[in-house]
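Here is a quick tour of one chain, with an eye on its charged pairs and on how two of its helices sit together. Have a look at the model first.

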Amino acid sequence: MAPRRPLPLQLWVVGTLALVLSLASGALWWERQLPGRLRQALDSGDWSRCLELTEQLAALRWLGEGAPQQQARCRRQRAAQLWNSGDQAAALQVQRQLVQSDQASATDVEQIQVWRRDLREGAMQRFRAGDLEGSIAMLEPLDRAATNGGNPSSDSLRETWNRNRLEAERLTQLVDQQRWWEALDSHNRLDHPWWRAQTQPQRQKVDVAIARIGDSQEHQQHSDGRSDVISGTKLDRAVQQQLDRGLEPWQAFEAGCRALGGQVEEDGPESFCRRRGPTGA
C-alpha cells in the first residue's frame, strides 16, 4: 500500500488551487465589467478614467472589437486635457504613447511637434528675459524624453548663461581698472540680451571715458598748436577694424595707430596715438 500523504501538504495544495481559481475568477469577472465601465467613461468624458480602463484591458489582453481605437481616443483627449491644465510633462508622455501606437494619425504626430515647439519658444523667451531656472524647468519634459544621447537643451542654456556672466564680471573689473578699450571689447562679446542690459551702466562709463580721451587729445593738439596727435572718429574706426580681425583690444589700439601712420605713446594714465615724423620718430 502506498503511504498516505501528510494532511498539511494536501491542505496546502487545495488552498493554493482555491486561491488560483479565485484570482482567475476575479480577473474574468473584472474583464467582463471593463467594457461597460469604459463606455461610461467615454460617454461622461472622464478621460483619466477612460485611459486607466483601457490600460487595464490591455494588461488583461482583452483585445475585443474597438479596444485599440478607444484607447487612442482616450490618450488623445487625456493628453489635451493635461496640456490645457498646465501639466506639459504628463501631456507629452501620453501623446508620445499615442504617437508610438499603430492608431496614431498625422494630426497626432503634428500635435506633439507643435507642443514641443511651444515649449522651446517659451523657454527661450524666459531665458532671454533673464529667467534661467524657469527656462530650464520648461525644457525638462523635452530633456527627459531625449533618447538620442545628445546633450540636453538645458546644458546649452547654462553654458551661454555662465559664459555671459563671467564676461560681465570681467567687464566690471576692466572698468574699475580704467582699461577702456578692453572693456569696450568685453561688452561687445556679450551675446545675451539680459546681460547686455545689466551691463549698460558699465558700457556708458566706457563710452564717456573713450570720448573724454578723444576730446583731451584734440584739446591738447589745438592748444599746443601741434597736429601730430591722431584721435577722434578716424582712430576709433581704425581700432574697431583691428578688433573685428580678432586682435586683443590693446593690440588693436596699437595696430590701428600704426595703420594711420602713428605710434602709441603713454602720458600718465592715458595713451596717445602720435603721428610719426619724417624720420620715423
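## The overall picture

The chain has 12 helices and three strands. Keep in mind that this is a predicted model. Of its 281 residues, 34% count as buried.

How do the contacts spread along the sequence? Taking contacts between residues at least 6 apart in sequence, 45% join residues at least 24 apart.

## Salt bridges

Side chains of opposite charge can pair when their charged atoms come close. How many salt bridges does the chain have? The count comes to eight, and three of these pairs are described here.

Start with Arg76 and Asp108, whose side chains meet in a salt bridge at 2.8 Å, N to O. This pair links distant parts of the chain, with the partners 32 residues apart. Arg76 sits in helix H3 (residues 67–84), while Asp108 belongs to helix H5 (residues 106–128). Is Asp108 buried or exposed? Its relative accessibility is 3%, so Asp108 counts as buried. Arg76 comes out at 30% relative accessibility, so that end of the bridge counts as partly exposed.

Now for a pair within one helix. Arg203 and Asp207 form a salt bridge, with the closest N and O atoms 3.0 Å apart. Both lie in helix H10 (residues 200–223), and the spacing of four residues is about one turn of the helix. Asp207 is partly exposed, because its relative accessible area is 37%.

The third pair is Glu182 with Arg179, where the closest N and O atoms are 2.8 Å apart. Glu182 has a relative accessible area of 18%; the cut-off for buried is under 20%, so Glu182 is buried. Arg179, on the other hand, counts as partly exposed at 36% relative accessibility.

## How H7 and H8 pack

Two packed helices are described by the angle between their axes and the distance between the axes. Helix H7 (residues 153–176) packs against helix H8 (residues 180–189) at an angle of about 160°, and their axes are 9 Å apart. Why is H7 called roughly antiparallel to H8? Angles over 145 degrees count as roughly antiparallel, so the H7 and H8 pair gets that label. As for handedness, H7 passes H8 in a left-handed crossing.

Which residues make the contact? From H7 come Glu167, Arg170, Leu171, Leu174 and Val175, and they meet Trp180, Glu182, Ala183, Ser186, His187 and Arg189 of H8. Sorted by type, the residues in this contact are five nonpolar, two polar and four charged. Glu182 thus turns up in this helix contact as well as in the salt bridge with Arg179.

## Burial in H8 and a look at Thr172

How much of H8 is covered? Mostly, it turns out: eight of its 10 residues are buried. The buried set in H8 consists of Trp180, Trp181, Glu182, Ala183, Leu184, Asp185, Ser186 and His187. Among them, Trp180, Glu182, Ala183, Ser186 and His187 also take part in the contact with H7.

Back on H7, there is Thr172. At 29% relative accessibility, Thr172 counts as partly exposed. Where does Thr199 lie relative to Thr172? The two are 27 residues apart in sequence, and their C-alpha atoms are 8.2 Å apart in space.

Methods: Residues are numbered from 1 along each chain as its sequence is written. This is a predicted model: local features need pLDDT of at least 70, side-chain atom pairs count only at pLDDT 80 or more; totals for chains, interfaces and linings use all residues. Side-chain values use heavy atoms; hydrogens and water are left out. A salt bridge is a side-chain nitrogen of Lys or Arg within 4 Å of a carboxyl oxygen of Asp or Glu. Helices (H or I, at least four residues) and strands (E, at least two) are DSSP runs, numbered from the N terminus. Buried means under 20% relative accessible area, exposed over 50%, partly exposed in between (1.4 Å probe, protein chains only). Axes are lines fitted to C-alpha atoms, for helices over the stretch in contact, and angles run from 0 to 180 degrees between N-to-C directions. Angles under 35 degrees count as roughly parallel, over 145 as roughly antiparallel, 65 to 115 as roughly perpendicular and the rest as oblique. A crossing is left-handed if the near helix is turned anticlockwise from the far one by less than a right angle, and right-handed if clockwise. Contact means heavy atoms within 4.5 Å. Ala, Val, Leu, Ile, Met, Phe, Trp, Tyr, Cys and Pro count as nonpolar, Asp, Glu, Lys and Arg as charged, and the others, Gly among them, as polar.
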